[in-house]
Amino acid sequence: MTNAKIEAVLFDWGGTLATWHDVDLRETWRAVAAVLDEAQADELAARLVAAEGSIWRRSRDEHLSSTLAEVCTLAEVVMSPAAQAEYDRQWDPHTELEPDAIDTLRALRARGLKVGVLSNTIWPRQRHEEIFVRDGVHELLDGAVYTSEIAHTKPHPEAFLAAMRAVGVSEPASCLFVGDRLFDDVWGAQNVGMRAAHLPHSAIPTEQIGHTEGTPDATIQRLSELPALIDSWN
C-alpha cells in the first residue's frame with residue numbers, strides 16, 4: 001500500500017452512495033413501453049431489455065460507455081416525453097441514498113478532503129444532478145464524472161483519471177475509491193494507482209461480473225466507517 005496522504009475520496013454511486021436494489025429490468029421497461037404502445041408493449045420491452053443488456057456487456061468486456069439514447073436506438077424505440085417521465089418514475093425508488101451518506105460526505109469535507117463521484121451510467125448528467133440536488137448531495141461534491149459523457153466506463157483507467165481531475169487532484173496515489181464491485185471499482189482503481197475500499201452490499205448481476213477481482217485495501221460495512229479509516233492512514 002502506498003503511504004501517500006489521502007486527499008480525495010471518489011465514490012461509485014449505485015450500490016455505494018445509493019442503496020443497492022435488485023431491479024426487474026423487464027418489468028421496468030414494460031411499464032415504459034406501455035406508455036409508448038400498450039398493444040406492442042411486450043415486444044418493445046423485450047427489445048429494450050436486449051439492447052440494454054448488450055451495452056452493459058460491452059461495458060464489462062470492452063469498457064466502452066453508452067447512453068440511454070443509444071439503448072433506444074439499438075432497440076429501434078423512440079422515447080416520448082411521457083415515456084421518459086415513466087422511466088424516471090420507475091427508477092426513482094432505486095435512487096435513494098444510503099442512510100449515512102450525507103453525514104459521511106460532510107465528515108470528509110470537514111477534514112479538508114475532496115469528494116467526488118464516478119458512476120458507470122447511461123443516464124445524462126442532468127438526471128444525476130436532479131437526484132443529488134433532491135437529496136442534498138450536490139453541494140457536497142467537488143466534482144462528478146458520469147460515463148454517459150465520456151468514452152470509457154470503469155474499470156478503464158481513463159474513467160478514474162477523469163474523476164480525479166474533476167475534483168482537482170493530480171496524483172492517483174492520493175485518491176481513495178469507494179465502491180461495491182471488486183472488478184469495476186476495486187481492481188479498476190488499484191490498476192491506476194489509487195487505493196480502494198470495498199463496500200460489499202450489492203448482489204452484482206452475474207453477467208456484470210468482470211474477469212478480474214481486486215483485493216481491497218480496506219473493506220467497510222458502512223460508509224460511516226470511512227472517516228476513521230482515512231484518519232488511520234493519514
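## Helix packing and the parallel sheet in a predicted model

P81 is found in helix α4. The structure described here is a predicted model. P81 is exposed, because its relative accessible area is 72%, and exposure begins over 50%. Along the chain, P81 lies 42 residues from A39, and the C-alpha atoms of the two are separated by 19 Å.

### Helix α1 and its two helical partners

Helix α4 spans residues 81-91, and its axis comes within 8 Å of that of α1, the two crossing at roughly 155°. The pair is therefore roughly antiparallel, since angles over 145 degrees are placed in that class. The crossing of α1 past α4 is right-handed. On the α1 side, the residues that meet α4 are L25, T28, W29, A31, V32, V35 and L36, and on the α4 side they are A82, A83, E86, Y87, Q90 and W91. Sorted by class, this contact holds 10 nonpolar, 2 polar and 1 charged residues.

Helix α1 (residues 25-36) also packs against helix α2 (residues 41-62), at an angle of about 130° and with the axes 8 Å apart. This angle makes α1 oblique to α2. The contact draws on L25, R26, W29, R30, A33, A34 and L36 of α1, which face A41, D42, L44, A45, L48, V49 and E52 of α2. Its composition by class is 10 nonpolar, no polar and 4 charged residues. As for handedness, α1 and α2 form a right-handed crossing.

The two packing arrangements are set out below.

| Helix pair | Crossing angle | Axis separation |
|---|---|---|
| α1 and α2 | about 130° | 8 Å |
| α1 and α4 | roughly 155° | within 8 Å |

### The sheet

How many strands form the sheet, and in what order do they stand? The sheet is open and consists of 6 strands in the order β3-β2-β1-β4-β5-β6, with parallel pairing. Strands β3 (143-146) and β6 (218-219) stand at the edges; each has a single partner strand, so one side of each is left without a neighbour in the sheet. At the β6 edge, the parallel link to β5 (residues 195-198) is made by 2 bridges. One residue of β5, A197, has A218 in β6 as its bridge partner.

Two helices are packed on the sheet. Helix α6 (residues 125-135) touches β2 (114-119) and β3, and its direction makes about 135° with that of β3. Helix α7 (residues 157-166) touches β1 (8-11), β2, β3 and β4 (175-179), and its direction makes about 155° with that of β3.

Strand β1 pairs with β2 in the parallel sense over 4 bridges. Strand β1 also pairs with β4, again in the parallel sense and over 4 bridges. Residue V9 of β1 illustrates both pairings: V9 stands opposite V115 in β2, and its bridge partner in β4 is L176. Are the residues on the two faces of β1 buried or exposed? A8 and L10 on one side, and V9 and F11 on the other, are all buried, so that both faces of this strand are covered.

Strand β4 continues the sheet towards β5, with which it pairs in the parallel sense over 4 bridges. In that pairing L176 stands opposite R195 in β5. Strand β4 is mostly covered, as 5 of its 5 residues are buried. On one side these residues are C175, F177 and G179, and on the other they are L176 and V178. Both faces of β4 are thus covered.

### The segment after α9

Residue N234 is placed in the segment that follows α9 (226-233). N234 counts as partly exposed because its relative accessibility is 40%. Which residues does N234 touch, leaving aside those up to four places away in sequence? They are K5, I6 and L113. By contrast, N234 and Q84 are 150 residues apart in sequence, and their C-alpha atoms are 45 Å apart in space.

Definitions and conventions:
Residues are numbered from 1 along each chain as its sequence is written. This is a predicted model: local features need pLDDT of at least 70, side-chain atom pairs count only at pLDDT 80 or more; totals for chains, interfaces and linings use all residues. Side-chain values use heavy atoms; hydrogens and water are left out. Axes are lines fitted to C-alpha atoms, for helices over the stretch in contact, and angles run from 0 to 180 degrees between N-to-C directions. Angles under 35 degrees count as roughly parallel, over 145 as roughly antiparallel, 65 to 115 as roughly perpendicular and the rest as oblique. A crossing is left-handed if the near helix is turned anticlockwise from the far one by less than a right angle, and right-handed if clockwise. Contact means heavy atoms within 4.5 Å. Ala, Val, Leu, Ile, Met, Phe, Trp, Tyr, Cys and Pro count as nonpolar, Asp, Glu, Lys and Arg as charged, and the others, Gly among them, as polar. Two strands pair if DSSP finds at least two bridges between them. Buried means under 20% relative accessible area, exposed over 50%, partly exposed in between (1.4 Å probe, protein chains only).
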